Structure formats: structure tokens, C-alpha cells
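Hi everyone, thanks for making time for this. I'd like to walk you through a fold today, so please have the picture up on your screens.

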Amino acid sequence: MMKICVAGQGAFGQKHLDALKRIADVEVTSLVGGNQDATAEVAKKYGIPHHTGDLSEGGHVRRFNPSHQWVHKRIKKGELKIQQMDVQTYFFRRKNINAAGNPRSWTDHLLWHHAAHTIDLFQYQAGETISDCYAVQGPTHPQLGIAMDMGIVAKVPSGAILTLSLSFNNDGPLGSFFRYICDNGTYKAFYDDLSDGKDNKIDVSKVDVSMDGIELEDREFIAAIKEKREPNASLAQLLPCMRVLGKLEQIVDPQRRAHA
């Protein structure tokens, strides 16, 4: 039985806890969260014997969603090559609350949270590190202290480009919408759903053992520990994404750029 500590008691932390319940031979023995009252409540809900506030929250990467896996496998086979990824990440969040509608113990961020998912996915699908990037951001929210709108463009050495629009001001359909414009077709992904450019749905139910990307992420990390290997989306593999985010922050934040 593998004993696991989960970092983050919020909406996505609980999604990981739900996923781990479906994986054999693992036991969550500790929960780490920022809001200790909420952490205690979630620990009780899931029967976790220990909880603390010593670590900060973790996040989910898009690599594991079956829709993006389907595209990735075709790229690896040489059947597709990305020309452009066009992505819209839109939420309506003018208060510091999480996806479940509860107060956060940390402030969400368009660049360091939501753009990070797409920057990593773009480099993963392109098989290259971003060589050129630029960003602009809108006004800073007076209470939250963060930009509520942002636009990012990036390019890899082979020429494939990323266009990414992000907003916390969007009062409409919510989430991240991905369009893969390729040399051999166009594909649209929304979490675990995938369709072609003409809205014909593509069955991704046989891509992996589950349709839950979070469960697949957890299964990969558990398997890597058992097999004593580096997991897909390890910290080392995500460092190139963090470096790109650092460059973009220097572009959109003049004070940080002046002291860099």
C-alpha cells in the first residue's frame, strides 16, 4: 500500500482525492492546505487521518486529458504537425474564490496558473521549447492586485505559434477552449472532449484507462514511483514552462523588468 500526501484542499485538490479513491493500493494519509478550517473539513470528509498547513497548493497539467493525449499520439506517429494553437481561457472571477465557489487562501493568477497549463501543453505538443514570446495585460484589479485580462503569443524554432487569450472578466461560457490548427486537420478540445474543425465529435474513450485526466495524472505519478522512473510532467520537465512564464512576467510588469 502506497501512502500519499495530497497538497491542496480546494476544488481541484478534492478532484485528486476522488481520483485516488479509484486507484488500487494507494492510501491518502495526509492533507496539506492553506485554510486550516477547510482542510480539517475535507480531511474529515475523505477519512484522512492527518492534515497540516506546511506546504502550498499544487496544480493540474493538461498533458493528461484524453483529448490532448489523442492529438499527442498522432503527432508522435508523424500524422500531425501543429501550425498554430489558438487557446481561450475565460472565467468570471472578480472575487478571490475557487472553482467550487469557496474563498481561496491564495490569489489566482492568469499568468502563473492558467497560462502555465497552456504554455506547458504547447511545448509538449510541439516537442520544442519556446524561442520567442510576448504578452500584454489589462488593468490591475484594485482589490485583488492582479491583471484581469491578458494576451500571449509565442513561437517555437520550427515556426509553430501559440496565441492565448485569458480573462477573469468573461461573463459567458467558462473554461479553456483549445484549437489545434495542423498541417493535416483542425481539432478543437475542451477538457476531455474533442471534435474536428467541423464539429464532428471524436471518440477519445479508448485513449487510456479513464476519461478523467486528473485520475490519469495521478496514475502516472504512482506508476513512476513504483517503477522508479521519471514521470511524465515531472518538475524537471516543467522547468522550461516556468522559464517562459518568467520572461512573460518581465514583459508585462515594468517594475520587475526594471529590477531584473
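Let's begin with β5 and strand β6, which covers residues 149-155: the two run antiparallel, and six bridges join them. If you want one pair to click on, take C133, whose bridge partner in β6 is A154. Keep in mind as we go that this is a predicted model.

Now zoom out from that pair. β5 and β6 belong to an open sheet of seven strands, in the order β5-β6-β7-β4-β8-β9-β10, and the pairing in this sheet is mixed. Which strands stand at the edges? They are β5, residues 132-137, and β10, residues 193-196; each has a single partner strand, so one side of each is left without a neighbour in the sheet. Going from one strand to the next, the twist averages 10°.

What lies across this sheet? Helix α4, residues 110-126, lies across β4 (82-90), β6, β7 (161-167) and β8 (175-182). Relative to β7, α4 runs at about 160°.

Let's stay with α4, as it has a helix partner too. The partner is helix α6, residues 235-252: the axes of the two come within 9 Å and cross at roughly 125°. Angles over 145° would count as roughly antiparallel and those from 65° to 115° as roughly perpendicular, and α4 and α6 are therefore oblique to each other. As for handedness, α4 passes α6 in a right-handed crossing.

Who makes that contact? On the α4 side you'll find L111, W112, A115, A116, I119, D120 and Q123. On the α6 side the residues are Q237, L238, P240, C241, M242, V244, L245, G246, L248 and E249. Sorted by character, the residues of this contact divide into twelve nonpolar, three polar and two charged.

One residue of α4 I'd like you to click on is H113. Is H113 buried or partly exposed? H113 has a relative accessibility of 22%, and because buried means under 20%, H113 counts as partly exposed. Leaving out residues up to four places away in sequence, H113 touches W106 and D108. From H113 to L245 is 132 residues in sequence, and their C-alpha atoms are 9.8 Å apart in space.

Next, helix α3, residues 66-76. Nine of its eleven residues are buried, so α3 is largely enclosed by the rest of the structure. The buried ones are P66, S67, H68, Q69, W70, V71, H72, R74 and I75. What do they pack against? The list takes in β4, α4, β8, β9 (185-190), β10 and α5. Just after α3 comes G78, and the phi of G78 is positive, near 85°.

α5 brings us to another helix pair. Helix α1, residues 11-21, packs with helix α5, residues 213-227, at an angle of about 65°, and their axes are 9 Å apart. That makes α1 roughly perpendicular to α5. The crossing of α1 and α5 is right-handed. From α1, the contact uses F12, K15, H16, A19 and L20, and from α5 it uses I214, E215, E217, D218 and I222. By type, the residues of this contact come out as five nonpolar, one polar and four charged.

Last stop: another open sheet. Three strands form it, in the order β1-β2-β3, and the pairing is parallel. Its edge strands are β1 (2-7) and β3, each of which pairs on one side only. Direction ignored, neighbouring strands of this sheet are turned by 30° against each other on average. Strand β2, residues 26-32, is joined to β3 by three bridges, and V32 has T52 of β3 as its bridge partner. Helix α2, residues 36-46, packs on this sheet, where it touches β2 and β3, and its direction makes about 165° with that of β3.

Let's finish on T52, which lies in strand β3, residues 50-52. T52 is buried, with a relative accessible area of 18%. Setting aside neighbours within four places in sequence, T52 is in contact with L31, V32, G33, Q36 and T39. For one of these, G33, the C-alpha atom is separated from that of T52 by 6.5 Å, although the two are 19 residues apart along the chain.

That's my tour, and I'm happy to go back to any view you'd like.

Technical notes. Residues are numbered from 1 along each chain as its sequence is written. This is a predicted model: local features need pLDDT of at least 70, side-chain atom pairs count only at pLDDT 80 or more; totals for chains, interfaces and linings use all residues. Side-chain values use heavy atoms; hydrogens and water are left out. Axes are lines fitted to C-alpha atoms, for helices over the stretch in contact, and angles run from 0 to 180 degrees between N-to-C directions. Helices (H or I, at least four residues) and strands (E, at least two) are DSSP runs, numbered from the N terminus. Angles under 35 degrees count as roughly parallel, over 145 as roughly antiparallel, 65 to 115 as roughly perpendicular and the rest as oblique. A crossing is left-handed if the near helix is turned anticlockwise from the far one by less than a right angle, and right-handed if clockwise. Contact means heavy atoms within 4.5 Å. Ala, Val, Leu, Ile, Met, Phe, Trp, Tyr, Cys and Pro count as nonpolar, Asp, Glu, Lys and Arg as charged, and the others, Gly among them, as polar. Buried means under 20% relative accessible area, exposed over 50%, partly exposed in between (1.4 Å probe, protein chains only). Two strands pair if DSSP finds at least two bridges between them.
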